[in-house]
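Have your viewer open and your selection tool ready? Let's take a short walk together, one selection at a time.

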Protein chains: 2
Amino acid sequence: MNKTERQRRLVRFLKSDPFLTDEDLSQILRVSVQTIRLDRFELKIPEFKERVLNVAKNPGLSPRTLTGGELVGKMVDLEVGSSGISILTVTPEMTLSKTRYIRGHHLFAQANSLAVAVIDAEIALTGIARVNFKRPVFCGEKVLAKALIRLNKGNKFMVKVTSHVKDEIVLVGRFLIFAVAEEAIPQ
Amino acid sequence: MNKTERQRRLVRFLKSDPFLTDEDLSQILRVSVQTIRLDRFELKIPEFKERVLNVAKNPGLSPRTLTGGELVGKMVDLEVGSSGISILTVTPEMTLSKTRYIRGHHLFAQANSLAVAVIDAEIALTGIARVNFKRPVFCGEKVLAKALIRLNKGNKFMVKVTSHVKDEIVLVGRFLIFAVAEEAIPQ
DNA sequence: CTGTTTTTTGGTACCTGGTACTAACTTTAT
DNA sequence: ATAAAGTTAGTACCAGGTACCAAAAAACAG
């Protein structure tokens, strides 16, 4: 039996029974456990615990997470050390079920990540945030956030962010941001 | 909190979410892992692996979480109208590039969505948020957020959220939430 | 047939989420 | 005050892995 044939069989076995451990599979396919692991790795098949958990959490609902990039929204202007502007287009995933209201934390995420981005430092972390949500935002709207550094004492920055939809203010936030020295970054 | 009360809560937690480890439970119930194990033993509740396997092999009963995907983090306790607890496990996507610091708005999102979830209303929106980030959170850590309704005047709610990693407070936030009447929901 | 590459195997250190057990410390009750 | 109940700490061990390194075996090529 060659490698490809074995891997084909491995996939078949796991499809019919995801509760097989590498040990089980190594006995079925008459190869070492290590070989099974390599095969699984090549085929990007997760480990036993993962597979069981996947089956258990079956209905596969994906939590509505925030975007993965550094910035929430799209940067349209940035003067590091003083100001920045970003635009966020509201998609249906950001809204509450059955309504068209956007969840507040997406607006916060846009404002917060913009506030952090305008700081001239490798790493900046939010210390305190005070945010007023002025009116709800709906699916399809474009939110324009403007950030302005208001104060700078040492590694502390006060950033004011104002978010608009057209002419209406939807969010006003004040963020106290800390710049972190690179040496302080843990590994 | 006495032993019987704790065990009653433990059963409730596991009924609503069987995917809680002893470690999770020890943090929720503020006792040592050993105590959780003793409780589980007395109550004849099987270990995590067993429970997951049971759920996986029993597609019949699925005690799905209350709010599903609306929440950032995993709801582990909810008394609508008074309090709630959620757990967020920090994944690499939530961190800043090259460091292990989590970006603040994820913590905010967990706290905010929990604050909204505890309100006994079809729709609730955040009006004002005041958040203090007490210390950075790193990849791999589990953040436990507790929300408590502090005040309720008409459709306004003051919710206090405190987030911990083990014994350390990482976030304290106060949210002014508005319940929205269903008739006011736009189409 | 020999040399190179691919495939397979073995072994170690480490991880999570436990079991099983001992010992000690802290509360509570009598 | 002292016993009993409850809680915590610590150790050794286990399954089912990950991650990595080295070596043996098989496949292929010139």
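The tour visits two DNA strands and then a charged patch.

**Before you click.** This is a predicted model, in which local features need pLDDT of at least 70, side-chain atom pairs count only at pLDDT 80 or more, and totals for chains, interfaces and linings use all residues. Residues are numbered from 1 along each chain as its sequence is written, chains are lettered from A and ligands numbered from 1 in the order in which they are written, and side-chain values use heavy atoms, with hydrogens and water left out.

**Stop 1: DNA strand D.** Select DNA strand D and its surroundings: 14 residues surround the strand, and the closest are A:R40, A:F48, B:R6, B:S32 and B:T35. A residue is near a strand if one of its heavy atoms lies within 4 Å of it. Sugar and phosphate make up 74% of the atoms of DNA strand D that come within 4 Å of the protein.

Now zoom in on some polar contacts, which are pairs of N or O atoms within 3.5 Å; within protein, one must be able to donate a hydrogen and the other to accept it, and residues adjacent in sequence count only if both atoms are side-chain atoms.

- A:R40 places a polar side-chain atom 2.9 Å from a phosphate oxygen of DNA strand D.
- A:F48 uses a polar backbone atom, 2.7 Å from a phosphate oxygen of this strand.
- A:D22 also has a polar backbone atom 3.0 Å from a phosphate oxygen there.

Next, colour the helices (H or I, at least four residues) and strands (E, at least two), which are DSSP runs numbered from the N terminus. Which helix gives the most to the surface near DNA strand D? It is α3(B), with three residues.

**Stop 2: DNA strand C.** Here there are 15 residues around the strand, with A:R6, A:S32, A:T35, B:F48 and B:K49 coming nearest. Sugar or phosphate holds 71% of the strand's atoms within 4 Å of the protein, and bases hold the rest.

Select B:F48, where a backbone N or O atom lies 2.5 Å from a phosphate oxygen. For contacts to bases, try B:K49, with a side-chain N or O atom 2.9 Å from a base nitrogen, and A:Q34, with a polar side-chain atom 3.4 Å from a base nitrogen. At this strand, α3(A) gives the most to the nearby surface, with three residues.

**Stop 3: B:K134.** Finally, find B:K134 in the loop between β3 (123-133) and β4 (142-153) of chain B.
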